[in-house]
Amino acid sequence: MNRRALVAAPILAVLAMVLTACGGGSAGAGGTGGSPSAAPKTLTVFAAASLQGVFEQLGHQFETDHPGVTVTFSFAGSSDLVSQIQQGAPADVFASADAKNMDKLTTAKLVDGDPVNFASNTLEIAVPAGNPAGITSFADLAKPGVALVVCAPQVPCGSATVKVEQAAGVTLKPVSEEQSVTDVLTKVETGEADAGLVYVTDVKGAGSKVEGVPFPESSGAVNTYPIATVAGAAQPELAREFVAFVTGSHGQDALAAAGFAKP
């Protein structure tokens, strides 16, 4: 072996040792040599139907702010959502359209911590574009021949309707009582009803599909919206962060833009 080969041999041996040390982690159990990524997580939010538009918007932003997190929503009448949670449906966050339904979960110790009020909403009459039935007041809803659709009494928008009805001394005879405010709105949009009692935010969200008829009696039945982390949530930390997000400045700005008032 010549002198040049004798010098090169130990250098090559050292290089081999260095390369082996650097690459040893790649064959380790469960590893690929890169930094481990956070496991994907799903946050499940049960929310009143009237919140759908703005909460989906907030959900997208929350996902952007929390890489690896997916926010899934279940929108329905608050009373239906409460029943589902009471029966063990997996939910991390619950946002109600009234305090009455949230109180059911609080009493049953199914809420972690105290609920926080984050918005309020007021009833408005929705009519099809052009207002073919000529509805101009709450009393007009009781006129013969008017096909009126309202929320069922156990649903927050239905409870508010009953309050207004009693205070105004007007007896309504709806052709149907729906389990969510979005179902009422749909029947007005499709022309199945001459009028429907929904929220101000629903009329605004529907755009040109319906027209809104405000009425002064609605001020006597303003619904306040509370939000809380559900007891036993699969993602309690994320749930608390989402509640803070909704009640914080970004959430409040989005709610105001959607037509919700302060709680």
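Which side chain does Lys187 meet in a salt bridge? Lys187 pairs with Glu178, at 3.1 Å from N to O. This is a predicted model, and here is a walk through its charged pairs, its aromatic rings, its main pocket and a few backbone spots.

## Salt bridges

The count for this model comes to three salt bridges. In the Lys187–Glu178 bridge, Lys187 is partly exposed, with a relative accessibility of 24%, whereas Glu178 counts as buried at 13%. Another bridge joins Asp140 to Lys143, again at 3.1 Å from N to O. Asp140 is buried, with a relative accessible area of 8%, while Lys143 is partly exposed at 46%.

Then there's Arg240 with Asp112, whose side chains meet at 3.5 Å, N to O. Arg240 belongs to helix α8 and Asp112 to strand β4, so this bridge ties together parts that sit 128 residues apart in sequence. Both ends are partly exposed: Arg240 has a relative accessible area of 45%, and Asp112 has 41%. As a general point, side chains of opposite charge can pair when their charged atoms come close.

## Aromatic pairs

How many aromatic pairs turn up in a search of the whole structure? There are eleven. Take Phe55 and Phe118: their ring centres lie 6.0 Å apart and their planes meet at 35°, so the pair counts as tilted. In sequence these two are far from each other, with Phe55 in helix α2 (residues 52–65) and Phe118 in strand β4 (residues 111–121), 63 residues apart. Both rings are out of the way of solvent by the numbers: Phe55 is buried with a relative accessible area of 0%, and Phe118 is buried with 1%.

Phe55 has another partner in Phe242. Here the centres are 5.8 Å apart and the planes are at 80°, so this pair is edge-to-face. It also links distant parts of the chain, running from Phe55 in helix α2 to Phe242 in helix α8 (residues 236–247), 187 residues apart. Phe242 is buried, as is Phe55.

Step back a bit and the ring pairs join up into a cluster. Its members are Phe55, Phe62, Phe73, Phe75, Phe118, Tyr199, Tyr225, Phe242, Phe245 and Phe260. Helix α8 therefore supplies a ring to Phe55 through Phe242, and also the Arg240 end of the salt bridge to Asp112 in strand β4.

## The largest pocket

The largest pocket holds about 250 Å³ of space. It is lined by 16 residues, and those closest to its centre are Ser50, Gly53, Thr201, Asp202 and Gly205. Which elements give two or more residues to that lining? They are α2, α6 (181–189) and α7 (200–206).

As for chemistry, the lining splits into seven nonpolar residues, seven polar and two charged. Helix α2 shows up here as a contributor to the lining, and it is also the helix that carries Phe55.

## Helix α5

Helix α5 covers residues 156–168, which makes 13 residues. From its first C-alpha to its last it reaches 18 Å, close to the 18 Å expected at 1.5 Å a residue. Quite a few of its residues are buried: Pro156, Cys157, Gly158, Ser159, Ala160, Thr161, Val164 and Glu165. Just after the helix comes Gly169, with a positive phi of about 70°.

## Positive phi outside glycine

Most residues other than glycine have a negative phi, which makes a couple of loop positions worth a look. Lys109 has a phi near 55°, a positive value in a residue other than glycine. It sits in the loop between α4 (99–107) and β4. Asn131 also has a positive phi, near 45°, and lies in the loop between β5 (123–128) and β6 (148–151).

Are these two loop residues buried or exposed? Lys109 counts as exposed, at 70% relative accessibility. Asn131, on the other hand, is buried, with a relative accessible area of 16%, which puts it under the 20% cut-off for that label.

Technical notes: Residues are numbered from 1 along each chain as its sequence is written. Side-chain values use heavy atoms; hydrogens and water are left out. Rings of Phe, Tyr and Trp (its six-membered ring) pair if their centres lie within 6.5 Å; planes under 30 degrees apart count as stacked, over 60 as edge-to-face and the rest as tilted. Helices (H or I, at least four residues) and strands (E, at least two) are DSSP runs, numbered from the N terminus. Buried means under 20% relative accessible area, exposed over 50%, partly exposed in between (1.4 Å probe, protein chains only). On a 1 Å grid over the protein atoms alone, a cavity is a set of points where a 1.4 Å probe fits but cannot get out, and a pocket is an open set with protein on both sides within 12 Å along at least five of seven lines; lining residues have an atom within 4 Å of a point. Grid points are joined across faces, edges and corners, and a volume is the space filled by probe spheres set on the points. Ala, Val, Leu, Ile, Met, Phe, Trp, Tyr, Cys and Pro count as nonpolar, Asp, Glu, Lys and Arg as charged, and the others, Gly among them, as polar. The expected span of a helix is 1.5 Å times one less than its number of residues. A salt bridge is a side-chain nitrogen of Lys or Arg within 4 Å of a carboxyl oxygen of Asp or Glu.
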